Amino acid sequence: MTQPSPEEPGSEAESFARDKADPGHRELFDVPPSEDGYYPDVAYFAGNSLGLRPKATRTELLEDLDSWAALGVEGHLEATRPWLPYHELLTGPAARLVGALPGETVVMNSLTVNLHLLMVSFYRPTADRFRIVIEDSAFPSDSYAVRSQARFHGLDPDDAVVRLKPRDGEDCLRTTDVLARLTPDVALVLLGGVNYLTGQLMDIPTITAAGHEAGAVVGWDLAHAAGNVPLSLHDWDVDFAAWCSYKYLNSGPGALAGAFVHERHLGDPSIQRFEGWWSTEASTRFQMAPESRPPASADAWQVSNPPIFSMSPVRTSLELFDKVGIGVLRERSIRLTAYLEALLAEVTPGRPLQVITPTDPLQRGAQLSLRIGGDRTAGELAKVLRSSYGVIADAREPDVLRLAPVPLYSLYHDCWRAARALAEVVPVTT
Ligand SMILES: Cc1ncc(COP(=O)(O)O)c(C=O)c1O
């Protein structure tokens with residue numbers, strides 16, 4: 001990294017001024033040190049892949065661990081935060097985050113597992129209605145999940161799974177094109193709320209309503225939406241949804257995931273579920289009866305007793321979201337991403353770099369995705385950004401670089417560093 005020069009995008013001083021006027025909550029997070037030797041911390045843009053650790057996570061996880069040391073099995077009832085009802089501590093904040101009623105939400109398992117458990121309930125193909133609509137650029141895990149669900153029902157996945165592609169020459173899906181494919185053969189629509197590759201925020205209420213009109217069940221993978229954009233799952237009448245907690249929810253690698261089931265499905269005896277002892281009403285759990293008595297809440301989708309030390313970081317993080325508020329975060333996010341976008345607009349002309357995320361802030365979250373040309377793959381470019389500039393970007397090979405300024409902890413100065421690094425590393429070609 002060299003001394004900044006005057007012809008670089010924006011000015012460093014301006015980015016500092018913006019940080020002063022519009023600070024986030026970086027002081028609450030551990031930001032890794034930078035290897036470039038110029039700035040103390042990295043400019044972290046990979047919160048859409050793995051969010052940073054809140055400082056409180058360590059302290060609170062240690063408290064939970066210490067209850068185990070002090071109490072052994074008695075911790076189920078006597079721990080500082082008793083383990084038996086521990087998951088209930090997460091339900092309220094998770095529900096507020098996604099715009100749900102508490103009874104509609106539960107934190108459990110991991111994302112793809114939750115999608116499977118929810119599809120057991122909500123993908124019930126018939127001879128005439130059996131298709132599952134996903135994006136062609138769905139995250140591979142979703143693609144594998146729906147294909148395996150089709151096979152599980154004795155169907156040919158190539159026939160059952162419809163993959164929606166953007167129009168030729170376009171990177172994002174048009175809502176009208178999604179709606180046009182919601183025909184009477186569709187049993188399930190399962191899309192990403194924010195697409196992992198392009199960063200496109202889908203029109204969740206419009207697509208959900210149209211799916212229902214077509215007679216389909218509509219579920220959403222909110223991995224890149226939860227903690228990134230405000231959601232109103234209950235009011236939007238979404239049937240089910242699932243999300244992970246390791247991206248914008250900063251709960252650590254492989255953290256426990258969330259699940260949502262709309263109130264109108266709760267307590268419906270015709271809905272099938274895979275059950276275990278955590279599916280039964282809490283008051284009946286230790287009656288050791290052969291049959292479960294599931295509650296009329298999303299808790300009924302739980303199977304096993306939850307891993308407390310994995311729940312702890314999710315609880316800490318959700319409390320933080322509860323305190324700051326997703327609405328406030330979204331406002332800062334829009335300002336931060338617009339700033340990065342403006343800086344990139346100074347850098348991309350003449351360079352093999354193209355932003356493929358929608359320009360409309362209402363059609364995207366924090367993330368901007370860049371398609372890169374030239375000699376380097378996205379992974380190679382990300383390596384140089386890290387080693388020479390302390391800029392942590394996320395690569396999706398071969399040619400997409402994702403930059404997500406995260407409103408809780410990213411700085412305007414981080415955006416300036418990323419744009420400047422790209423300007424130095426990617427040569428002008430035209
Ligand atoms: C959109 C999306 N869906 C599914 C997954 C898979 O999640 P998990 O491994 O937690 O099941 C990811 C992981 O990054 C993702 O981004």
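Is D128 buried or exposed? The model here is a predicted one, and in this model D128 has 9 C-beta neighbours inside 10 Å, so it counts as exposed. D128 sits in the loop that joins α5 (111–122) to β5 (131–135). D128 and D185 are 57 residues apart along the sequence, while their C-alpha atoms are 5.8 Å apart in space.

**Annotated binding site positions**

An unreviewed UniProt entry gives the feature "binding site" at L111, T112, F139, P140, S141, D142, D221, H224, Y246, W277 and N305. These positions span 195 residues in sequence, and the farthest two C-alpha atoms lie 31.2 Å apart, so the positions do not all gather at one spot.

Two of the positions in that record, P140 and D221, are described further here. P140 belongs to helix α6, which covers residues 140–152. D221 belongs to strand β8, which covers residues 217–221. D221 is buried because 29 other C-beta atoms lie within 10 Å, and a count of 20 or more is the cut-off for that class. P140 has 9 such neighbours inside 10 Å and therefore counts as exposed, the class for 12 or fewer.

The table lists the neighbour counts and classes.

| Residue | C-beta neighbours inside 10 Å | Class |
|---|---|---|
| P140 | 9 C-beta atoms | exposed |
| D221 | 29 C-beta atoms | buried |
| D128 | 9 C-beta atoms | exposed |

**Contacts of D221**

Which residues is D221 in contact with, leaving aside its neighbours within four places in sequence? They are L115, D142, L190, G192, G193 and A242. Among them, D142 is also a position in the UniProt "binding site" record.

Note on methods. Residues are numbered from 1 along each chain as its sequence is written. This is a predicted model: local features need pLDDT of at least 70, side-chain atom pairs count only at pLDDT 80 or more; totals for chains, interfaces and linings use all residues. UniProt positions are given in the numbering used here, feature names are shortened, and annotations may be inferred rather than shown by experiment. Helices (H or I, at least four residues) and strands (E, at least two) are DSSP runs, numbered from the N terminus. Two residues are in contact if their C-beta atoms, placed from the backbone, lie within 7 Å.
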